[in-house]
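Welcome! Please take a look at the structure below, and then read on for a short tour.

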Amino acid sequence: MKYIKHILILIVTVSVFSCGFYSLSGTNIQADVKSFQVNYFQNTAAQVEPGIDRDFTIALQDLIVNQTNLELVNSNGDLVYEGEITEYRISPTTATADNTAAQNRLTVGVRVRFYNKKAEDDDFEKTFSFFYDYAGSSLLSGSVKDTALEEIFERITQDIFNASLAKW
């Protein structure tokens, strides 16, 4: 019985101390990194949708603020995100018998340059994209557009976060 008690205490102790090496948020941020900045993402896509550049920049800032304890700064951040919205495209994905679109797809692509001033080996330039399918009988406006962009931005910003801070 004494041995079981000692084994249990050992297991609990090892479990508690081993948790210190892992982050619950899944991030892999060096201890000396304190701040980040997200420069304005210009919309250079062939088809320009007004306001998505601002909305995307804010979505990326919000995600990093909410998932880390880093401070958002306007300049001289330890981590820097910049880039462009390079694609905003609506295309039919399926057709009906009378040659009209049964379903359309909105695709958004973003080129991101990430700089880590504390660990330059982490720097990268990558393109991230995602899409949203909607009924061909619907116009991409109002709540349909809002839902589409929200879902696309959520996925792209999470992919950027994973590539830069979670190292996935």
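This briefing walks through aromatic pairs, salt bridges and surface charge.

Keep in mind that the model is predicted. A search of the whole structure finds nine salt bridges, and the count of aromatic pairs comes to six. A few of each are introduced here, together with a patch of negative charge on the surface.

**Aromatic pairs**

- A pair of aromatic rings is described by the distance of the centres and the angle of the planes.
- Of the six aromatic pairs, one is formed by F56 and F153, whose rings meet edge-to-face, 5.4 Å centre to centre and with 75 degrees between the planes.
- F56 belongs to helix α2 (residues 52-67) and F153 to helix α3, so this pair ties together parts that are 97 residues apart in sequence.
- F56 is buried, because its relative accessible area is 0%.
- F153 is buried too, with a relative accessible area of 6%, and the cut-off for buried is under 20%.
- Y81 and F114 make a tilted pair, because their ring centres are 5.0 Å apart and their planes stand at 50 degrees.
- That pair links distant parts of the chain, with Y81 in strand β4 (residues 79-95) and F114 in strand β5 (residues 101-116), 33 residues apart.
- Are Y81 and F114 buried or exposed? Both Y81 and F114 are buried.
- Y81 and F114 also belong to one aromatic cluster, together with F124 and F128.

**Salt bridges**

- Side chains of opposite charge can pair when their charged atoms come close.
- R54 and D55 form a salt bridge in which the closest N and O atoms are 3.0 Å apart.
- R54 is partly exposed at 44% relative accessibility, and D55 is partly exposed at 33%.
- E125 forms a salt bridge with R111, where the closest N and O atoms are 4.0 Å apart.
- Since E125 lies in strand β6 (residues 124-135) and R111 in strand β5, this salt bridge ties together parts that are 14 residues apart in sequence.
- R111 counts as partly exposed, having a relative accessible area of 30%.
- D159 forms a salt bridge with R155, and their closest N and O atoms are 3.6 Å apart.
- Why are D159 and R155 separated by about one helical turn? The reason is that D159 and R155 are four residues apart in helix α3.
- D159 is partly exposed at 25% relative accessibility, and R155 is partly exposed at 40%.
- Which residues are joined into one network by salt bridges that share partners? The network consists of E82, E84, R111, R113 and E125.

**Helix α3 and the surface**

- Helix α3 covers residues 142-166 and contains E154; R155 is placed in helix α3 as well.
- E154 counts as exposed because its relative accessibility is 54%, and the cut-off for exposed is over 50%.
- Which residues gather in a patch of negative charge on the surface? The patch is made up of D146, E150, E151 and E154.
- R155, the salt-bridge partner of D159, has its C-alpha atom 9.3 Å from that of F128, although R155 and F128 are 27 residues apart along the chain.
- F128 is the residue already met in the aromatic cluster with Y81, F114 and F124.

Note on methods
Residues are numbered from 1 along each chain as its sequence is written. This is a predicted model: local features need pLDDT of at least 70, side-chain atom pairs count only at pLDDT 80 or more; totals for chains, interfaces and linings use all residues. Side-chain values use heavy atoms; hydrogens and water are left out. Patches are made of residues with over 30% relative accessible area and no salt bridge: like charges are joined within 9 Å, nonpolar side chains (Val, Leu, Ile, Met, Phe, Trp, Tyr) within 5 Å. Accessible areas come from the Shrake-Rupley method with a 1.4 Å probe; for residues, only the protein chains shown count as cover. A salt bridge is a side-chain nitrogen of Lys or Arg within 4 Å of a carboxyl oxygen of Asp or Glu. Lys and Arg count as positive and Asp and Glu as negative; His and the chain ends are not counted. The place of a charge is taken as NZ of Lys, CZ of Arg, CG of Asp or CD of Glu. Helices (H or I, at least four residues) and strands (E, at least two) are DSSP runs, numbered from the N terminus. Buried means under 20% relative accessible area, exposed over 50%, partly exposed in between (1.4 Å probe, protein chains only). Rings of Phe, Tyr and Trp (its six-membered ring) pair if their centres lie within 6.5 Å; planes under 30 degrees apart count as stacked, over 60 as edge-to-face and the rest as tilted.
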